[in-house]
Structure formats: C-alpha cells, structure tokens
Amino acid sequence: MDNPDWVRGWTSPEIVPGQGMLYGLGTHSLDQTLLLFGKPKSVTGFTRVLRKEGGRADDSFTVVLQYGGERSELICTIKTTIVSTLPMDKQLKFMVRGREGTFLKVSSLDPRRFV
C-alpha cells in the first residue's frame with residue numbers, strides 16, 4: 001500500500017504545508033473528539049519529530065482540549081505517534097478514562113465498540 005503524500009515527505013529537508021502527523025491523521029482524531037464533546041474552552045498542542053532520519057515534519061503530537069461550563073471537569077488529550085516498537089495488533093487505538101472505569105481498544109480487529 002502506498003503511503004499518503006503527508007507521510008512520503010517526512011524525510012525531505014523541505015516541509016510542505018499539511019505534511020506531518022498533526023495535519024495528516026490528526027485532523028481526523030480532532031474532528032472525532034469535537035463531534036463527541038463539542039467546542040473546548042482552550043486548546044494546547046505540541047508536535048515532535050522523533051525519528052532520526054533527518055525529517056522535519058512532525059511524526060508525533062499531543063493536543064489537550066479543556067472544556068468549561070457544564071463540562072468544566074472534562075479534559076480530552078489526543079495523542080498520536082508513528083514511532084512505536086509494538087506490533088500493530090498490540091498498539092493502543094483508543095483509551096477513555098472516566099469516573100467508573102477505563103475503556104481500552106487495542107486492535108482494529110477488536111470487536112468492542114463505543115456505545
């Protein structure tokens with residue numbers, strides 16, 4: 001399978017707008033979070049380049065959404081990285097922590113779904 005353009009250019013010394021994990025896959029993760037929880041009161045984000053091939057486009061990001069009003073106790077952290085030593089079937093896909101427990105979804109083949 002061919003990699004999308006935003007992955008192919010990661011090792012290039014030139015950075016094209018829209019390359020990297022945040023503007024590639026991250027847009028979908030953020031969109032899903034906003035659909036679930038709505039507009040946050042504040043947003044803080046960090047990007048990193050963890051691979052050593054000399055690329056300058058981000059391959060890891062963390063975005064923290066803090067909410068206000070009725071949801072003032074809600075904090076959403078969206079983290080994604082392409083750098084992992086775990087096999088694909090062992091990598092964490094989703095983790096949701098709440099007052100009554102934690103939901104973990106590891107593999108895309110895992111039959112559990114959010115309800």
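This report covers the fold, strand pairing, burial and side-chain pairs of a predicted protein model.

## Overall fold

The protein chain holds two helices and five strands. Their order along the sequence is α-α-β-β-β-β-β. Both helices therefore precede the strands in this pattern, with helices and strands taken as DSSP runs numbered from the N terminus.

The chain has 115 residues, and 23% of them are buried. Its accessible surface comes to about 8,800 Å². Carbon and sulfur atoms own 56% of that surface. Among contacts with a separation of 6 or more, 40% join residues 24 or more positions apart.

## Strands β2 and β3

β2 covers residues 60–66 and β3 covers residues 75–81. The two strands run antiparallel and are joined by seven bridges. One link in this pairing is Val63, whose bridge partner in β3 is Ile78.

The side chains of β3 alternate. Cys76, Ile78 and Thr80 point to one face and are buried. Ile75, Thr77, Lys79 and Thr81 point to the other face and are not buried. Ile78 thus appears twice: on the buried face of β3, and as the bridge partner of Val63.

Ser60 sits in strand β2. Its relative accessible area is 12%; buried means under 20%, so Ser60 counts as buried. Beyond its neighbours within four places in sequence, Ser60 contacts Met21, Phe46, Thr47, Arg48, Leu50, Thr80 and Thr81. Two of these contacts, Thr80 and Thr81, belong to β3 and point to opposite faces of that strand.

## Strands β4 and β5

β4 spans residues 94–98, and β5 spans residues 101–105. Five bridges join β4 to β5, and the two run antiparallel. A hairpin of two residues connects them. Gly98 has Gly101 in β5 as its bridge partner.

Arg97 lies in strand β4. Its relative accessibility is 65%; the exposed class starts over 50%, so Arg97 counts as exposed. Arg97 and Cys76 are 21 residues apart along the chain, and their C-alpha atoms are separated by 9.7 Å. Cys76 belongs to the buried face of β3, whereas Arg97 is exposed.

## Helix α2 against the strands

Helix α2 runs over residues 26–37. Thr33 is found in this helix. Thr33 is buried, at 11% relative accessible area. Setting aside its neighbours within four places in sequence, Thr33 contacts Gly38, Leu65, Tyr67, Cys76 and Ile78. Cys76 and Ile78 are both on the buried face of β3.

Phe37 is also in helix α2. Which residue does Phe37 pair with through its ring? The partner is Tyr67. The model has one aromatic pair. The ring centres of Phe37 and Tyr67 are 6.5 Å apart, and their planes meet at 65°. Planes over 60 degrees apart count as edge-to-face, so the pair falls in that class.

Tyr67 lies in the loop between β2 and β3, 30 residues from Phe37, so the pair links distant parts of the chain. The two residues differ in cover. Phe37 is partly exposed, with a relative accessible area of 30%. Tyr67 is buried, at 4%.

## Salt bridge

Side chains of opposite charge can pair when their charged atoms come close. How many salt bridges does the model have? The count is one. Arg99 and Glu73 form it, with an N to O distance of 2.1 Å. The cut-off is 4 Å, so this pair qualifies.

The bridge connects two loops. Arg99 is in the loop between β4 and β5, and Glu73 is in the loop between β2 and β3. They are 26 residues apart. Arg99 is exposed, with a relative accessible area of 76%. Glu73 is exposed as well, at 62%.

## Nonpolar surface patch

Leu50, Ile82 and Val83 make a nonpolar surface patch of about 230 Å². Val83 lies in the loop between β3 and β4. Its relative accessible area is 37%, and patch residues must have over 30%, so Val83 meets that cut-off. In burial class, Val83 is partly exposed. Leu50 has a second role: this patch residue is one of the contacts of Ser60 in strand β2.

Conventions. Residues are numbered from 1 along each chain as its sequence is written. This is a predicted model: local features need pLDDT of at least 70, side-chain atom pairs count only at pLDDT 80 or more; totals for chains, interfaces and linings use all residues. Side-chain values use heavy atoms; hydrogens and water are left out. Helices (H or I, at least four residues) and strands (E, at least two) are DSSP runs, numbered from the N terminus. Buried means under 20% relative accessible area, exposed over 50%, partly exposed in between (1.4 Å probe, protein chains only). Contact means heavy atoms within 4.5 Å. Accessible areas come from the Shrake-Rupley method with a 1.4 Å probe; for residues, only the protein chains shown count as cover. Rings of Phe, Tyr and Trp (its six-membered ring) pair if their centres lie within 6.5 Å; planes under 30 degrees apart count as stacked, over 60 as edge-to-face and the rest as tilted. Patches are made of residues with over 30% relative accessible area and no salt bridge: like charges are joined within 9 Å, nonpolar side chains (Val, Leu, Ile, Met, Phe, Trp, Tyr) within 5 Å. A salt bridge is a side-chain nitrogen of Lys or Arg within 4 Å of a carboxyl oxygen of Asp or Glu. Two strands pair if DSSP finds at least two bridges between them.
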